[in-house]
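I opened my notebook to look a new structure over, one topic at a time. Come along and read over my shoulder.

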Amino acid sequence: MLQSIIFDMDGTLFQTNKILELSLEDTFNRLRENGFWGQATPIEQYRMIMGVPLRKVWETLLPDHSNEIREQANEFFHERLIGNIKHGNGALYPNAEEVLGNLKAMDCSIFIASNGLIEYLSAIVDFYGLNKWVTETFCIQQINSLDKADLIGMIIKKYNLNNAAVVGDRISDIKAAKQNGLIAIGCNFDFAQEDELSHADIVIGDLIELKTIVHKV
């Protein structure tokens, strides 16, 4: 039986797509108002790169803009994301609360490791009361390398984990698991890509499947 599970947040526990388009549209409207953007909002482009560190996000979405403009866009984007979370516009994935409760009842320690920023993650954790089940939430800001594998490694070292799995929807989660000798469980959810999921040890289509998997691995 698995003793610990490290979850990604966006596209794994939290349905980021419910607030992503609203927040991204608001951000690019702000850029348009200030004369920094004249095209359609690159929502599909963002969907393709979900899961990468934020620095890479804004380098990709705003390739011809200064770092100052990127930082301003990122700051406003996060304000809108957090606002939407607090207004209840987001949601956890179906069965997330049931699965977290079930894992907790089985004495399986639960962690979150995300490329999201501290304030953003805290908004989700607080709004949905995830601390009832989650031992600790970690964000990429805690690692100088901004490499998720290093973040996972920090969790393993801090809590002396073994017989653990990483659950996530993108290649960064799968690689982080593999590089640390953990089981990689891929989530075939909104932002997942088939070629990335092919590298996972196990692929699930619903979080409820973890209730069975945790006993078999």
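Here are my entries on cysteines, aromatic rings, charges over rings, the cavity and one residue in a loop.

**Before starting.** I noted that this is a predicted model, so I kept that in mind for each entry.

**Entry 1: cysteines.** How many disulfides are there? I counted zero. Cys108 is in no disulfide, and the nearest cysteine sulfur, 14 Å off, belongs to Cys187. I looked from the other side too: Cys187 has no disulfide either, and the sulfur nearest to it is that of Cys108, 14 Å away. A disulfide needs the two sulfur atoms within 2.5 Å, so this pair does not qualify at 14 Å. I then asked whether Cys108 is buried or exposed. Cys108 has a relative accessible area of 2%, so I wrote it down as buried. Cys187 is buried as well, at 0% relative accessibility.

**Entry 2: aromatic pairs.** I found eight aromatic pairs. One of them joins Phe14 and Tyr128, with ring centres 6.0 Å apart. Their planes meet at 55 degrees, so I put this pair down as tilted. Where do the two residues sit? Phe14 is in the loop between strand 1 (4-7) and helix 1 (17-33), while Tyr128 belongs to helix 6 (residues 118-128). The two are 114 residues apart in sequence, so the pair ties together parts that are distant along the chain in that count. Phe14 and Tyr128 are both buried.

Next I turned to Trp58 and Phe77, which form an edge-to-face pair. I noted 5.6 Å from centre to centre and 75 degrees between the planes. Trp58 lies in helix 3 (residues 54-61) and Phe77 in helix 4 (residues 67-86), and the pair links these distant parts of the chain, 19 residues apart. Both Trp58 and Phe77 are buried. I also saw that they belong to a cluster linked by ring pairs, together with Phe28, Trp37 and Tyr46.

**Entry 3: charges over rings.** Which ring does the charged end of Arg30 sit over? I found that of Phe76, with the charged end 4.1 Å from the ring centre. Lys132 gave me another case: its charged end sits over the ring of Trp133, 4.3 Å from the centre.

**Entry 4: the cavity.** Rolling a probe the size of a water molecule over the atoms shows where empty space is left. I looked for cavities of 30 Å³ or more and found one. The largest cavity holds about 200 Å³ of space. Its lining has 19 residues, and those closest to the centre are Asp10, Tyr46, Met50, Leu54 and Gly116. I had already met Tyr46 in the ring cluster.

Which helix gives the most to this lining? Helix 4 does, with three residues. Helix 2 (43-49), helix 3 and helix 4 each supply at least two residues. Sorting the lining of the largest cavity by class, I got 10 nonpolar, six polar and three charged residues.

**Entry 5: Gln193.** My last stop was the loop between strand 5 (183-187) and helix 9 (194-197), where Gln193 lies. Is Gln193 buried or exposed? Its relative accessible area is 17%, and buried means under 20%, so Gln193 counts as buried. I also noted its distance to Met48: 8.4 Å in space, C-alpha to C-alpha, against 145 residues in sequence.

How values were computed: Residues are numbered from 1 along each chain as its sequence is written. This is a predicted model: local features need pLDDT of at least 70, side-chain atom pairs count only at pLDDT 80 or more; totals for chains, interfaces and linings use all residues. Side-chain values use heavy atoms; hydrogens and water are left out. Buried means under 20% relative accessible area, exposed over 50%, partly exposed in between (1.4 Å probe, protein chains only). Rings of Phe, Tyr and Trp (its six-membered ring) pair if their centres lie within 6.5 Å; planes under 30 degrees apart count as stacked, over 60 as edge-to-face and the rest as tilted. Helices (H or I, at least four residues) and strands (E, at least two) are DSSP runs, numbered from the N terminus. A charge sits over a ring if NZ of Lys or CZ of Arg is within 6 Å of the ring centre and within 35 degrees of the ring normal. On a 1 Å grid over the protein atoms alone, a cavity is a set of points where a 1.4 Å probe fits but cannot get out, and a pocket is an open set with protein on both sides within 12 Å along at least five of seven lines; lining residues have an atom within 4 Å of a point. Grid points are joined across faces, edges and corners, and a volume is the space filled by probe spheres set on the points. Ala, Val, Leu, Ile, Met, Phe, Trp, Tyr, Cys and Pro count as nonpolar, Asp, Glu, Lys and Arg as charged, and the others, Gly among them, as polar.
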